[in-house]
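User: Please take one part of this model, its packed interior, and go through it closely. Start from the overall layout and then work outwards to the loops that border on that part.

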Amino acid sequence: EAEVVRRIFQYYKDGKSSLHIADTLNSEGIPAPYKKRIEVSEKKRKAKGLPVKEKNINLDELKWRPSTLNRLIKNEIYIGKRKFRFHSPDPSNPLPTHKRENRKVLNEFEQYEPELCIVDEDLFYEVQRQISEKKYNKNLGLRHDNLLKHLLRCGDCGSRYSVGGDTTDRK
């Protein structure tokens, strides 16, 4: 798995897109992270004599996705950094903890663990730099008009579809 992570970072550095990398990994039959996690969980449950949980997904359909790759390349755990955050407990809140907002942070710290290092820091930060460069349009004055805008109409009411804030033709 560590070699796959290194390849993903190298692909990004070489200018490959998330879609291209996902297609490459899927064509090579490399299992997606979630698929591997489910398989390990099933193996542990069988070893303990517990029944395998029923799932409403087909493991063969779990593939690498661009969103998975984008989340993976931003994770600092691959350069050995782990972040911890402890929140104040609130037993009266019925929401699961991951859905709660504005929780009071009691303690927060970062820890460096060299044994977790999979990717070289230079490679990691080069990929982060490339991502931040691609994130923004450099020429904000460039505008592309939609050439078919005047032809787009709602099938129900006949009003024109708008792009942006143009609502002058709506009924």
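Analyst: Helices and strands are taken here as DSSP runs, with at least four residues for a helix and at least two for a strand, and they are numbered from the N terminus. The model is a predicted one. On that basis the protein has 5 helices and 2 strands, and their order from the N terminus is α-α-α-α-β-β-α.

Some totals set the background. The protein has 171 residues, of which 21% count as buried. Its accessible surface is about 13400 Å², and carbon and sulfur atoms account for 51% of that area. Among contacts in the protein with a separation of 6 or more, 59% join residues 24 or more positions apart.

The interior itself comes next. In soluble globular proteins, nonpolar side chains tend to be buried together. Here the largest nonpolar core has 22 residues. Ile8, Phe9, Leu25, Trp64, Leu69, Leu72 and Ile73 are the members with the most contacts inside this core. At least two core residues come from each of H1, H2, helix H4 (66-73) and helix H5 (121-135). The largest share, 6 residues, is from H1.

Phe9 shows how one of these residues is surrounded. Not counting residues up to four places away in sequence, Phe9 touches Leu72, Ile73, Tyr78, Val119, Leu123, Phe124, Val127 and Gln128. Leu72 and Ile73 are, like Phe9, on the list of residues with the most contacts inside the core.

The pairing of H1 and H2 can be described in geometric terms. Helix H1 spans residues 2-13 and helix H2 spans residues 18-27; their axes come within 10 Å and cross at roughly 145°. This crossing is right-handed. On the H1 side the contact is made by Val4, Arg7, Ile8, Tyr11 and Tyr12, and on the H2 side by Ser18, Ile21, Thr24 and Leu25. Sorted by class, the contact has 6 nonpolar, 2 polar and 1 charged residues. Ile8 and Leu25, both in this contact, are also among the residues with the most contacts inside the core.

From H2 the path leads to Trp64. Asn26 sits in helix H2 and, leaving out residues up to four places away in sequence, touches Lys63 and Trp64. Asn26 and Lys63 are 37 residues apart along the chain, yet their C-alpha atoms are separated by 6.2 Å. Asn26 has a relative accessible area of 24%, so it is classed as partly exposed; the cut-off for buried is under 20%.

Ala32 approaches the chain around Trp64 from another position. This residue is in the loop between H2 and helix H3 (33-47). With a relative accessible area of 5%, Ala32 is buried. Its contacts, apart from neighbours within four places in sequence, are Leu62, Lys63 and Trp64. The C-alpha atoms of Ala32 and Arg65 are separated by 8.4 Å, with their positions 33 residues apart along the chain. Lys63 and Trp64 are thus contacted by Asn26 and also by Ala32.

A second set of loops lies around the strands. Gly80 is in the loop between H4 and E1, and Glu113 is in the loop between E2 and H5. These two residues are 33 residues apart in sequence and 4.9 Å apart in space, C-alpha to C-alpha. Gly80 counts as buried because its relative accessibility is 0%. Glu113, at 11% relative accessibility, counts as buried too, although Glu is in the charged class.

The contacts of the pair, with neighbours within four places in sequence set aside, can be listed in turn. Gly80 is in contact with Gln111, Tyr112, Glu113, Leu116 and Cys117. Glu113 is in contact with Gly80 and Arg82.

Asn102 offers a contrast in exposure. It lies in the loop between strand E1 (81-87) and strand E2 (105-112). Asn102 counts as exposed because its relative accessibility is 79%, where the cut-off is over 50%. Its phi is near 55°, which is a positive value in a residue other than glycine.

Methods: Residues numbered from 1 in each chain as written. Predicted model: local features only at pLDDT ≥ 70, side-chain atom pairs only at ≥ 80, totals over all residues. Heavy atoms only, no water. Axes fitted to C-alpha atoms, helices over the stretch in contact; angles between N-to-C directions. Left-handed = near helix turned anticlockwise from the far one by under 90°. Contact = heavy atoms within 4.5 Å. Core = buried A, V, L, I, M, F, W, Y, C linked by side-chain atoms within 4.5 Å. Buried < 20%, exposed > 50% of the residue type's maximum accessible area, 1.4 Å probe, protein only. Areas by Shrake-Rupley, 256 points an atom, 1.4 Å probe, with all protein chains shown as cover.
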